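Hi everyone, thanks for coming. Please have a look at the sequence and the structure, and then I'll walk you through a few residues.

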Amino acid sequence: AVPLARHFEVAGMTVKAVEYLLQAGNRDVRLFANDEAIAHFRRGIELVGTLADTPQRVQMELALQLALGVPLLATRGFSDAELARTYGRARELTHSVDASFELFQTLTGLKDYYDVRLELQTARQVGEDMVRVARRLNHPGLAAMAHHQQSTTLLYLGQPGGFLEQRERMLALYDAERDRPLVYQLGLDPLIASLSHAGWALWFLGYPDQARQRSEEAVSLAREWGHPFVETFALFFAAQLYVYQREAHRAAEKADETIALSSKHGIALWLAAGIYARGWALVEGGRLDEGIAQHLQAQAMLQGMGAELGVLQHLPSLAEAYRKAGMVSEGLAVVGKALELIQTSGCTMDEPEGRWLKGELLLMQGDDAEAEECFRRAIEVAQHHHAKSRELRATTSLCRLWQQQGNQEQARLVLAEIYDWFTEGFDTPDLQQAKALLEELS
């Protein structure tokens, strides 16, 4: 297709040249040759710009812009500036369209961009628009993707229960055989992406074993498929789940796989995320300097991409690394930045963690009263989110403080209430620590 495109371009047959460039680029996308695909689509867009303004020209440019978005997403991440321009231009080209597949593609790209840029209310509105377009098209596969997209924003907004409600709607509509080809046009498979997010949501809600099962199921399905971006997506989400659950060996395994596959295929976003998760595992293993260095490397990479969601999500982990290294002022500065971002963006998913960590750092300064207030606030926010795992972590710290202050009976009663709520995950560090403290208090 490429030699033919060049032949028609030299011959001045621009429309034919563009058709073959689009064909070549789409073939490269399916072969995961993303850099080559990007080059073909960019050249096609340049050539289209020389044509007269006709409906055919508009349709050709729209097809090229939407096709360009997929390899840009894979290589640059959801928050890339060129990706935003690409989908922004596609939105201009579909401004008069009430419902079309191309409009849905455009909204998908914009929704991901707004999520990762922490413009969550805008993302939520775009998700609602996606549902409306899918319904007008009477396309269950697109409706499944739309409900998945709605679910993720709810999770970031600190509503894991709302995430699961939208996930159930997605599952009722999804058909693997019918919908799998959509990944080449939309960039993700809603089932694998939803399973990955479900791992996080179920952990927040207090179901560590189920969280692990969903996350590993996502990785298994992604490996069967062999799509590099989808596979690295699932691998990193699993690594992050194990960071949440404080399972360092599993986190390191998944992080190393994420890094290897991302490096091989030039997937910048998941490479940075994998480096962060490996940094956390190094800190847990006592290799503090190496771990902090990898945290800082990942932060710089994510900031360079404009991936504000990733930056925010990883700040508490960096603060914890500083805490373990005894670098209290640095840890407090990082926590302060995280809590400020949470307030301005509304991305409250990790707020309980930030407030808990602030309390732990203040304890190291001897500020018990302020630390207690932080633990109480972390518990309050976690309860509002129904995030039992986060509630347990903050409650354990609060009750340990009460123990040191001689208030053992109240500590025992409060900790026993939250610990007894759990029905699974008793091999995870948080539940083991809570159990050990309960035995001391008894």
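Let me start with a question: does D427 count as buried, partly exposed or exposed, and what is its relative accessibility? Keep in mind as we go that this is a predicted model. To find the residue, go to the loop between α23, residues 408-421, and α24, residues 429-441, which is where D427 is found. The answer is that D427 counts as partly exposed, because its relative accessibility is 42%, and that value falls between the 20% limit for buried and the 50% limit for exposed.

Now, who is around it? If we set aside neighbours within four places in sequence, D427 is in contact with D209, R212 and Q432. Look at D209 for a moment: D427 and D209 are 218 residues apart in sequence, yet their C-alpha atoms are 9.3 Å apart in space.

Let's move on to helix α21, which runs over residues 368-385. I'd like to show you two of its residues. H385 is found in this helix, and so is E370. H385 is buried, because its relative accessible area is 6%, under the 20% cut-off. What does H385 touch, leaving aside its neighbours within four places in sequence? Its contacts are G158, P160, L205, T348, M349 and P352.

E370 tells another story. Its relative accessible area is 37%, so E370 is partly exposed. E370 also helps to form a negative surface patch, together with D367, D368 and E373.

My last stop is backbone angles, with two loop residues. As a bit of background, most residues other than glycine have a negative phi. N138 is not a glycine, and still has a positive phi of about 55°. You'll find N138 in the loop between α7, residues 120-137, and α8, residues 140-156. R246, also not a glycine, has a positive phi of about 65°. R246 is found in the loop between α14, residues 228-244, and α15, residues 248-265.

So which of these two is buried and which is exposed? N138 counts as exposed, because its relative accessibility is 68%, over the 50% cut-off. R246, on the other hand, is buried, with a relative accessible area of 12%.

That's my tour. If you'd like one thing to revisit on screen, try D427 and its contacts D209, R212 and Q432. Thanks for listening!

How values were computed:
Residues are numbered from 1 along each chain as its sequence is written. This is a predicted model: local features need pLDDT of at least 70, side-chain atom pairs count only at pLDDT 80 or more; totals for chains, interfaces and linings use all residues. Side-chain values use heavy atoms; hydrogens and water are left out. Helices (H or I, at least four residues) and strands (E, at least two) are DSSP runs, numbered from the N terminus. Buried means under 20% relative accessible area, exposed over 50%, partly exposed in between (1.4 Å probe, protein chains only). Contact means heavy atoms within 4.5 Å. Patches are made of residues with over 30% relative accessible area and no salt bridge: like charges are joined within 9 Å, nonpolar side chains (Val, Leu, Ile, Met, Phe, Trp, Tyr) within 5 Å. Accessible areas come from the Shrake-Rupley method with a 1.4 Å probe; for residues, only the protein chains shown count as cover. A salt bridge is a side-chain nitrogen of Lys or Arg within 4 Å of a carboxyl oxygen of Asp or Glu. Lys and Arg count as positive and Asp and Glu as negative; His and the chain ends are not counted. The place of a charge is taken as NZ of Lys, CZ of Arg, CG of Asp or CD of Glu.
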